[in-house]
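The following exercises are to be worked through with the sequence and the structure at hand. Each consists of a task and a stepwise solution.

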Amino acid sequence: MKFTAQQIAGILEGEVDGDDGAEVSKLAKIEEGVTGSLTFLANPKYTSYIYSTKASITIVGKDFVAENPLTTTLIRVEDAYKSFSQLLEYYNQVKMNKTGIEQPVFISESAKMGDDIYLGAFSYIGENVTIGKGAKIYPNVYIGDNVTLGNDVVIFAGAKIYSETEIGNNCVINSGVIIGADGFGFSPNEKGEFTKVPQTGNVVIEDNVDIGAGTTIDRATLGSTIIRKGVKLDNQIQIAHNVEIGKNTVIAAQTGIAGSTKIGENCLIGGQVGFAGHLVIGDNVRIQAQSGIGRNIKDGETLQGSPAFNYSSFSKSYVHFRNLPKTMERFNAIEKQLKDE
């Protein structure tokens, strides 16, 4: 796909400074720009590159003043970073604007599908599935019986959606995601063996949720595992049975949440955080990467460490921890001096 500077300026409500017929067909960093590419300048640290970039078009702020000659055509906008992000979203929509049903696929006779959907080859659509309008289901996706998908859902190649799952509108499910597998439920018997506890619940994912590649969300033992509106999950996260994650919470990669833990709204959780089960985490909580959470957390707390405690206290304690070898040397020297006396 090719776009001219004039077309891009129209999309961004910007002004062309240079050749309005300049064409681009790809995106690039400003320091790596080549002929036919589009880039942007938002961070002043990269200003020097605008004079050497070979990118055909560069998005800049309206206040940018060139101090040396330029070979790139400028598109001046109010906010270069925001406008470039807007353009990325537009480009992504155009690129992903697929419709129709490829072959071969399996679609159960009882399935119901909305208008303008895309269904990629080798996908499987089970009994009583409902798919909303504008959904895009890429190749090799499995959708089990009685699943409900809202409007404009995107499910990328190879994802697996087990039976009874409910997914709202405008959700994005990336490749390798597994939603609705059995929770890790086993009970010991008198012989020391473990017997599986049937997992009869489901997973409910509300509107505007993004789920990263390789993330797994287990079905509930009873009731539902629930991911509320606007939640953003990174790659390779494990969410166990009966977990609930509050709206607009963001969780980074490799975090693991044990069964029946409830996480509040608007939380920010770093990578490789581990949660014990049956906890209640408040709203607006901040948890630093690699922390271990083994207790209930009140609203608004910021934590770090394993076991985690107050971030400010952790930082102060860490200073003492780093100085511990020197402190011990002084202690040993004083102890030796006392003994010699």
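**Exercise 1.** Locate arginine 295 in this predicted model and decide whether arginine 295 is buried, partly exposed or exposed.

*Solution.*
Step 1. Arginine 295 belongs to the loop that runs between strand 38 (292-293) and strand 39 (302-305).
Step 2. Its relative accessible area is 36%. Buried residues fall under 20% and exposed residues over 50%, so arginine 295, at 36%, is partly exposed.
Step 3. For a distance across the structure, take asparagine 140, which is 155 residues away from arginine 295 along the chain. The C-alpha atoms of these two residues are 41 Å apart.

**Exercise 2.** Describe the surroundings of threonine 215 and state which backbone atoms its side chain reaches.

*Solution.*
Step 1. Threonine 215 sits in the loop between strand 25 (210-211) and strand 26 (216-218).
Step 2. The relative accessibility of threonine 215 is 0%, and therefore threonine 215 counts as buried.
Step 3. Leaving out residues up to four places away in sequence, threonine 215 is in contact with Gly176, Val177 and Ile178, and also with Asp234, Asn235, Gln236 and Ile237.
Step 4. A polar atom of the threonine 215 side chain lies 2.7 Å from the backbone oxygen of aspartate 234. The side chain of threonine 215 also reaches the backbone nitrogen of glutamine 236, at 3.2 Å.

**Exercise 3.** Determine how many disulfides are present, and explain why cysteine 171 forms no such bond.

*Solution.*
Step 1. The closest cysteine sulfur to that of cysteine 171 is in cysteine 267, at 19 Å.
Step 2. A disulfide requires two cysteine sulfur atoms within 2.5 Å. Because the separation is 19 Å, the sulfur of cysteine 171 is too far from that of cysteine 267 for a bond.
Step 3. The count of disulfides is accordingly 0.
Step 4. Cysteine 171, at 0% relative accessibility, counts as buried, and cysteine 267, at 1%, also counts as buried.

**Exercise 4.** Characterise the largest cavity: what is its volume, and which elements line it?

*Solution.*
Step 1. Searching the whole structure yields 1 cavity of 30 Å³ or more. The largest cavity holds about 120 Å³ of space.
Step 2. Two or more lining residues are given by each of helix 1 (5-12), strand 4 (26-27) and helix 2 (80-95). Helix 2 gives the most, with 3 residues.
Step 3. Among the residues lining the largest cavity are Met1, Phe3, Ile8, Ile11, Leu87, Tyr90 and Tyr91.
Step 4. By class, this lining comprises 10 nonpolar residues, 1 polar and 1 charged.

**Exercise 5.** Describe the largest pocket and the second largest pocket by volume and by the classes of their lining residues.

*Solution.*
Step 1. The volume of the largest pocket is about 380 Å³. Its lining numbers 13 residues, of which Glu89, Gln93, Met96, Asp152 and Val154 are the closest to the centre.
Step 2. Helix 2 supplies the largest share of that lining, 3 residues. The classes are 4 nonpolar, 5 polar and 4 charged.
Step 3. The second largest pocket contains about 170 Å³ of space. Its lining includes Leu41, Ala42, Asn43, Pro44, Val60, Phe64, Glu78 and Asp79.
Step 4. The lining of the second largest pocket divides into 6 nonpolar, 3 polar and 3 charged residues.

Notes: Residues numbered from 1 in each chain as written. Predicted model: local features only at pLDDT ≥ 70, side-chain atom pairs only at ≥ 80, totals over all residues. Heavy atoms only, no water. Helix = DSSP H or I, 4+ residues; strand = E, 2+ residues; numbered from the N terminus. Buried < 20%, exposed > 50% of the residue type's maximum accessible area, 1.4 Å probe, protein only. Polar contact = N/O pair within 3.5 Å; in protein donor to acceptor, adjacent residues only side chain to side chain. Contact = heavy atoms within 4.5 Å. 1 Å grid on protein atoms, 1.4 Å probe; cavity = no way out; pocket = protein on both sides within 12 Å on 5 of 7 lines; lining within 4 Å. Points joined across faces, edges and corners; volume = space filled by probe spheres on them. Nonpolar A, V, L, I, M, F, W, Y, C, P; charged D, E, K, R; others polar.
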